[in-house]
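Follow the chain from its overall layout to its salt bridge, its empty spaces and its surface. The term that governs burial comes before the residues that depend on it.

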Amino acid sequence: MDFHSLFETETYVSLLTLTAMEIVLGIDNIVFISILTGRLPTAQQPAARRLGLSLALILRLGLLLAISWVMSLTAPFFSVLGKAISGRDLILLGGGLFLIAKSTHEIYEKLEVPQESEGGAHGGGGGAAFGWTIVQILLLDIVFSLDSVVTAVGMASHVPIMVAAMVIAVGVMLVFAGQVGDFVNHHPSMKILALSFLMLIGVMLTVEGWGGHVSKGYVYTAMAFALLVEVLNMRFRSRRKPVALHTRFDGEETKLPD
(Lines give C-alpha, C1' and ligand atoms only; values in the text may rest on other atoms or scores of the structure.)
Protein backbone atom coordinates (compact mmCIF):
# COMPACT_ATOMS: atom_id res chain seq x y z
CA MET A 1 0.00 0.00 0.00
CA ASP A 2 1.68 3.24 -1.16
CA PHE A 3 1.33 6.79 0.17
CA HIS A 4 -0.95 7.94 -2.66
CA SER A 5 -3.48 5.26 -1.76
CA LEU A 6 -4.28 7.16 1.44
CA PHE A 7 -5.99 9.87 -0.62
CA GLU A 8 -8.09 7.54 -2.76
CA THR A 9 -11.83 7.27 -2.09
CA GLU A 10 -11.68 3.51 -2.62
CA THR A 11 -9.38 3.18 0.40
CA TYR A 12 -11.85 4.82 2.78
CA VAL A 13 -14.84 2.98 1.32
CA SER A 14 -12.99 -0.30 1.81
CA LEU A 15 -12.06 0.67 5.38
CA LEU A 16 -15.63 1.69 6.26
CA THR A 17 -17.16 -1.43 4.71
CA LEU A 18 -14.69 -3.79 6.35
CA THR A 19 -15.05 -2.07 9.74
CA ALA A 20 -18.84 -2.43 9.58
CA MET A 21 -18.49 -6.08 8.63
CA GLU A 22 -16.04 -6.71 11.49
CA ILE A 23 -18.47 -5.11 13.96
CA VAL A 24 -21.32 -7.30 12.69
CA LEU A 25 -19.15 -10.41 12.93
CA GLY A 26 -18.12 -9.35 16.44
CA ILE A 27 -21.68 -9.17 17.79
CA ASP A 28 -21.78 -12.89 18.53
CA ASN A 29 -18.41 -12.55 20.25
CA ILE A 30 -19.76 -9.75 22.48
CA VAL A 31 -22.86 -11.78 23.35
CA PHE A 32 -20.79 -14.85 24.24
CA ILE A 33 -18.40 -12.80 26.37
CA SER A 34 -21.31 -11.02 28.09
CA ILE A 35 -23.01 -14.29 29.01
CA LEU A 36 -19.81 -15.84 30.34
CA THR A 37 -18.76 -12.78 32.33
CA GLY A 38 -22.32 -12.47 33.68
CA ARG A 39 -21.58 -15.45 35.92
CA LEU A 40 -18.66 -13.64 37.54
CA PRO A 41 -18.93 -11.29 40.54
CA THR A 42 -20.05 -7.84 39.41
CA ALA A 43 -16.71 -6.22 40.22
CA GLN A 44 -14.83 -8.63 37.92
CA GLN A 45 -17.12 -8.36 34.88
CA PRO A 46 -15.68 -5.18 33.26
CA ALA A 47 -12.11 -6.49 33.54
CA ALA A 48 -13.12 -9.85 32.06
CA ARG A 49 -14.91 -8.17 29.14
CA ARG A 50 -11.96 -5.90 28.39
CA LEU A 51 -9.49 -8.76 28.63
CA GLY A 52 -11.63 -11.02 26.45
CA LEU A 53 -11.98 -8.43 23.68
CA SER A 54 -8.30 -7.48 23.92
CA LEU A 55 -7.34 -11.12 23.45
CA ALA A 56 -9.68 -11.25 20.46
CA LEU A 57 -7.90 -8.28 18.89
CA ILE A 58 -4.45 -9.77 19.53
CA LEU A 59 -5.53 -13.09 18.01
CA ARG A 60 -7.01 -11.42 14.94
CA LEU A 61 -3.94 -9.30 14.30
CA GLY A 62 -1.67 -12.30 14.85
CA LEU A 63 -3.66 -14.45 12.44
CA LEU A 64 -3.74 -11.61 9.92
CA LEU A 65 0.04 -11.22 9.99
CA ALA A 66 0.33 -15.01 9.60
CA ILE A 67 -2.23 -15.08 6.79
CA SER A 68 -0.19 -17.48 4.68
CA TRP A 69 -0.33 -19.99 7.53
CA VAL A 70 -4.08 -19.40 7.94
CA MET A 71 -4.66 -20.12 4.27
CA SER A 72 -2.59 -23.31 4.55
CA LEU A 73 -5.17 -24.58 7.04
CA THR A 74 -7.44 -25.30 4.09
CA ALA A 75 -5.15 -28.15 2.99
CA PRO A 76 -6.65 -31.58 3.88
CA PHE A 77 -5.21 -33.33 6.94
CA PHE A 78 -7.13 -36.60 6.67
CA SER A 79 -10.41 -38.03 5.39
CA VAL A 80 -13.51 -39.25 7.21
CA LEU A 81 -16.18 -41.15 5.25
CA GLY A 82 -14.71 -39.79 2.04
CA LYS A 83 -14.75 -36.19 3.33
CA ALA A 84 -11.40 -34.41 3.45
CA ILE A 85 -10.87 -32.64 6.79
CA SER A 86 -8.57 -29.62 6.97
CA GLY A 87 -7.22 -27.67 9.92
CA ARG A 88 -9.83 -24.95 9.38
CA ASP A 89 -12.57 -27.59 9.37
CA LEU A 90 -11.33 -28.95 12.70
CA ILE A 91 -11.35 -25.47 14.24
CA LEU A 92 -14.87 -24.78 12.97
CA LEU A 93 -16.15 -28.19 14.08
CA GLY A 94 -14.60 -27.84 17.53
CA GLY A 95 -15.85 -24.29 17.97
CA GLY A 96 -19.33 -25.11 16.70
CA LEU A 97 -19.74 -28.13 18.98
CA PHE A 98 -18.40 -26.12 21.93
CA LEU A 99 -20.92 -23.34 21.26
CA ILE A 100 -23.81 -25.81 21.00
CA ALA A 101 -22.81 -27.58 24.23
CA LYS A 102 -22.16 -24.34 26.12
CA SER A 103 -25.41 -22.71 24.99
CA THR A 104 -27.44 -25.80 25.86
CA HIS A 105 -25.83 -25.98 29.31
CA GLU A 106 -26.45 -22.27 29.97
CA ILE A 107 -30.11 -22.53 28.88
CA TYR A 108 -30.59 -25.56 31.14
CA GLU A 109 -29.08 -23.77 34.13
CA LYS A 110 -31.11 -20.64 33.46
CA LEU A 111 -34.40 -22.53 33.28
CA GLU A 112 -33.94 -25.53 35.57
CA VAL A 113 -31.41 -24.58 38.26
CA PRO A 114 -32.92 -22.57 41.14
CA GLN A 115 -31.83 -18.94 41.02
CA GLU A 116 -30.37 -18.95 44.51
CA SER A 117 -28.04 -21.86 43.66
CA GLU A 118 -26.51 -20.22 40.59
CA GLY A 119 -24.37 -17.77 42.50
CA GLY A 120 -24.22 -15.56 39.43
CA ALA A 121 -23.17 -12.04 38.87
CA HIS A 122 -24.72 -10.61 42.00
CA GLY A 123 -23.70 -13.32 44.37
CA GLY A 124 -20.59 -13.27 46.43
CA GLY A 125 -19.47 -16.79 45.57
CA GLY A 126 -20.23 -19.78 43.43
CA GLY A 127 -19.65 -17.85 40.20
CA ALA A 128 -17.41 -19.15 37.45
CA ALA A 129 -13.71 -18.69 38.18
CA PHE A 130 -12.14 -15.69 36.44
CA GLY A 131 -9.37 -17.77 34.90
CA TRP A 132 -11.71 -20.45 33.53
CA THR A 133 -13.96 -17.76 32.07
CA ILE A 134 -11.01 -16.22 30.23
CA VAL A 135 -9.97 -19.67 28.93
CA GLN A 136 -13.46 -20.23 27.48
CA ILE A 137 -13.44 -16.77 25.91
CA LEU A 138 -10.01 -17.45 24.41
CA LEU A 139 -11.16 -20.76 22.90
CA LEU A 140 -14.08 -19.11 21.10
CA ASP A 141 -11.98 -16.08 20.19
CA ILE A 142 -9.87 -18.42 18.06
CA VAL A 143 -12.93 -19.51 16.07
CA PHE A 144 -14.41 -16.03 15.71
CA SER A 145 -11.00 -14.55 14.87
CA LEU A 146 -10.44 -17.09 12.11
CA ASP A 147 -13.79 -16.19 10.57
CA SER A 148 -13.01 -12.48 10.92
CA VAL A 149 -9.60 -12.76 9.27
CA VAL A 150 -10.87 -14.84 6.35
CA THR A 151 -13.61 -12.23 5.80
CA ALA A 152 -11.08 -9.38 5.95
CA VAL A 153 -8.82 -11.03 3.39
CA GLY A 154 -11.76 -11.53 1.06
CA MET A 155 -12.93 -7.90 1.29
CA ALA A 156 -9.67 -5.91 1.31
CA SER A 157 -6.38 -6.19 -0.50
CA HIS A 158 -4.14 -4.12 1.80
CA VAL A 159 -3.00 -5.35 5.22
CA PRO A 160 -2.95 -1.83 6.81
CA ILE A 161 -6.64 -1.43 5.96
CA MET A 162 -7.43 -4.80 7.53
CA VAL A 163 -5.47 -3.91 10.68
CA ALA A 164 -7.16 -0.50 10.98
CA ALA A 165 -10.62 -2.01 10.50
CA MET A 166 -10.02 -4.65 13.18
CA VAL A 167 -8.67 -2.13 15.68
CA ILE A 168 -11.61 0.24 15.11
CA ALA A 169 -14.15 -2.59 15.32
CA VAL A 170 -12.75 -3.94 18.58
CA GLY A 171 -12.59 -0.37 19.93
CA VAL A 172 -16.31 0.06 19.21
CA MET A 173 -17.04 -3.30 20.84
CA LEU A 174 -15.05 -2.28 23.93
CA VAL A 175 -17.13 0.88 24.25
CA PHE A 176 -20.49 -0.89 24.01
CA ALA A 177 -19.65 -4.28 25.56
CA GLY A 178 -20.67 -3.12 29.04
CA GLN A 179 -24.08 -1.87 27.90
CA VAL A 180 -24.71 -5.05 25.89
CA GLY A 181 -23.67 -7.23 28.83
CA ASP A 182 -25.85 -5.37 31.32
CA PHE A 183 -28.82 -5.44 28.95
CA VAL A 184 -28.52 -9.17 28.31
CA ASN A 185 -27.98 -10.07 31.96
CA HIS A 186 -30.85 -7.93 33.26
CA HIS A 187 -33.45 -9.33 30.86
CA PRO A 188 -33.92 -13.12 31.20
CA SER A 189 -35.89 -13.45 27.95
CA MET A 190 -33.14 -11.61 26.07
CA LYS A 191 -30.51 -13.88 27.59
CA ILE A 192 -32.38 -16.98 26.40
CA LEU A 193 -32.68 -15.41 22.95
CA ALA A 194 -28.95 -14.62 22.92
CA LEU A 195 -28.12 -18.20 23.91
CA SER A 196 -30.38 -19.43 21.11
CA PHE A 197 -28.45 -17.20 18.69
CA LEU A 198 -25.17 -18.71 19.88
CA MET A 199 -26.57 -22.21 19.45
CA LEU A 200 -27.62 -21.30 15.90
CA ILE A 201 -24.14 -19.97 15.17
CA GLY A 202 -22.69 -23.17 16.61
CA VAL A 203 -24.82 -25.23 14.23
CA MET A 204 -23.71 -23.02 11.33
CA LEU A 205 -20.02 -23.45 12.24
CA THR A 206 -20.46 -27.22 12.56
CA VAL A 207 -22.13 -27.45 9.15
CA GLU A 208 -19.39 -25.36 7.55
CA GLY A 209 -16.72 -27.43 9.28
CA TRP A 210 -18.21 -30.54 7.69
CA GLY A 211 -18.07 -29.00 4.24
CA GLY A 212 -21.57 -27.56 3.99
CA HIS A 213 -22.48 -23.94 3.49
CA VAL A 214 -25.00 -21.75 5.30
CA SER A 215 -25.47 -18.19 4.10
CA LYS A 216 -24.63 -15.82 6.96
CA GLY A 217 -27.08 -13.33 5.47
CA TYR A 218 -30.01 -15.64 6.21
CA VAL A 219 -28.76 -16.36 9.71
CA TYR A 220 -28.15 -12.74 10.69
CA THR A 221 -31.47 -11.64 9.14
CA ALA A 222 -33.34 -14.22 11.21
CA MET A 223 -31.46 -13.14 14.34
CA ALA A 224 -32.19 -9.46 13.69
CA PHE A 225 -35.90 -10.19 13.15
CA ALA A 226 -36.15 -12.24 16.36
CA LEU A 227 -34.33 -9.51 18.27
CA LEU A 228 -36.69 -6.83 16.92
CA VAL A 229 -39.76 -8.87 17.92
CA GLU A 230 -38.40 -9.41 21.45
CA VAL A 231 -37.56 -5.70 21.87
CA LEU A 232 -41.11 -4.80 20.81
CA ASN A 233 -42.49 -7.38 23.25
CA MET A 234 -40.39 -5.93 26.07
CA ARG A 235 -41.68 -2.43 25.37
CA PHE A 236 -45.26 -3.72 25.18
CA ARG A 237 -44.97 -5.61 28.47
CA SER A 238 -43.52 -2.58 30.24
CA ARG A 239 -46.50 -0.41 29.28
CA ARG A 240 -49.38 -2.58 30.43
CA LYS A 241 -50.43 -4.73 33.34
CA PRO A 242 -50.63 -8.54 33.05
CA VAL A 243 -53.83 -9.75 31.44
CA ALA A 244 -56.34 -11.19 33.92
CA LEU A 245 -57.74 -14.52 32.74
CA HIS A 246 -61.40 -15.47 33.24
CA THR A 247 -63.20 -18.78 33.04
CA ARG A 248 -66.57 -20.21 34.12
CA PHE A 249 -67.31 -22.96 36.62
CA ASP A 250 -70.97 -24.02 37.01
CA GLY A 251 -72.17 -20.99 35.15
CA GLU A 252 -70.34 -18.55 37.43
CA GLU A 253 -67.53 -16.40 36.09
CA THR A 254 -64.34 -16.65 38.08
CA LYS A 255 -61.20 -14.56 37.79
CA LEU A 256 -58.07 -16.61 37.82
CA PRO A 257 -55.11 -15.30 39.81
CA ASP A 258 -52.25 -13.78 37.81
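A residue is called buried when its relative accessible area is under 20%, exposed when that area is over 50%, and partly exposed in between. The model discussed here is a predicted one. With that cut-off, glutamate 106 counts as buried because its relative accessibility is 3%. Across the protein chain, buried residues account for 37% of the 258 residues.

The protein chain contains 8 helices and 4 strands. Read from the N terminus, the order of its elements is α-α-α-β-β-α-α-α-α-α-β-β.

Glutamate 106 is also a partner in a salt bridge, with lysine 102 on the other side and 3.3 Å between the closest N and O atoms. The structure holds 1 salt bridge. Why are lysine 102 and glutamate 106 separated by about one helical turn? They lie 4 residues apart in helix H4, which covers residues 87-112, so the separation along the helix is about one turn. Lysine 102 has a relative accessibility of 15%, under the 20% limit, and therefore counts as buried.

Empty space comes next. Rolling a probe the size of a water molecule over the atoms shows where such space is left. The largest pocket holds about 460 Å³ of space. Its lining is made of 23 residues, and Ile27, Asp28, Val31, Val180 and Leu227 are the closest to the pocket centre. Helix H1 (9-37), helix H6 (159-186), helix H7 (188-209) and helix H8 (216-239) are the elements that each give two or more residues to this lining. How does the lining of the largest pocket divide into nonpolar, polar and charged residues? There are 22 nonpolar residues, no polar ones and 1 charged residue.

Enclosed space is counted separately: there are 3 cavities of 30 Å³ or more. The volume of the largest cavity is about 50 Å³. Its lining consists of Asp28, Val143, Phe144, Asp147, Ile201, Met204, Leu205, Lys216 and Tyr220. Helix H5 (130-155), H7 and H8 are the elements that give two or more residues to the cavity lining. By class, that lining has 6 nonpolar residues, no polar residues and 3 charged ones. Asp28 appears among the residues closest to the centre of the largest pocket and also in the lining of the largest cavity.

On the surface, Phe77, Phe78, Val80, Leu81, Leu90 and Trp210 make a nonpolar patch of about 640 Å². Which element gives the largest share of the nonpolar patch? Strand S1, residues 76-80, does so with 3 residues. Phenylalanine 77 is found in strand S1. Its relative accessibility is 54%, so phenylalanine 77 counts as exposed.

One further position concerns a pair of residues separated in sequence. Glycine 62 sits in helix H2, which spans residues 45-65. Because its relative accessibility is 38%, glycine 62 counts as partly exposed. Glycine 62 and serine 145 are 83 residues apart along the chain, and 9.6 Å separates their C-alpha atoms.

Key: Residues numbered from 1 in each chain as written. Predicted model: local features only at pLDDT ≥ 70, side-chain atom pairs only at ≥ 80, totals over all residues. Heavy atoms only, no water. 1 Å grid on protein atoms, 1.4 Å probe; cavity = no way out; pocket = protein on both sides within 12 Å on 5 of 7 lines; lining within 4 Å. Points joined across faces, edges and corners; volume = space filled by probe spheres on them. Nonpolar A, V, L, I, M, F, W, Y, C, P; charged D, E, K, R; others polar. Patch = residues over 30% accessible without salt bridge, like charges linked within 9 Å, V, L, I, M, F, W, Y side chains within 5 Å. Areas by Shrake-Rupley, 256 points an atom, 1.4 Å probe, with all protein chains shown as cover. Salt bridge = Lys/Arg side-chain N within 4 Å of Asp/Glu carboxyl O. Buried < 20%, exposed > 50% of the residue type's maximum accessible area, 1.4 Å probe, protein only.
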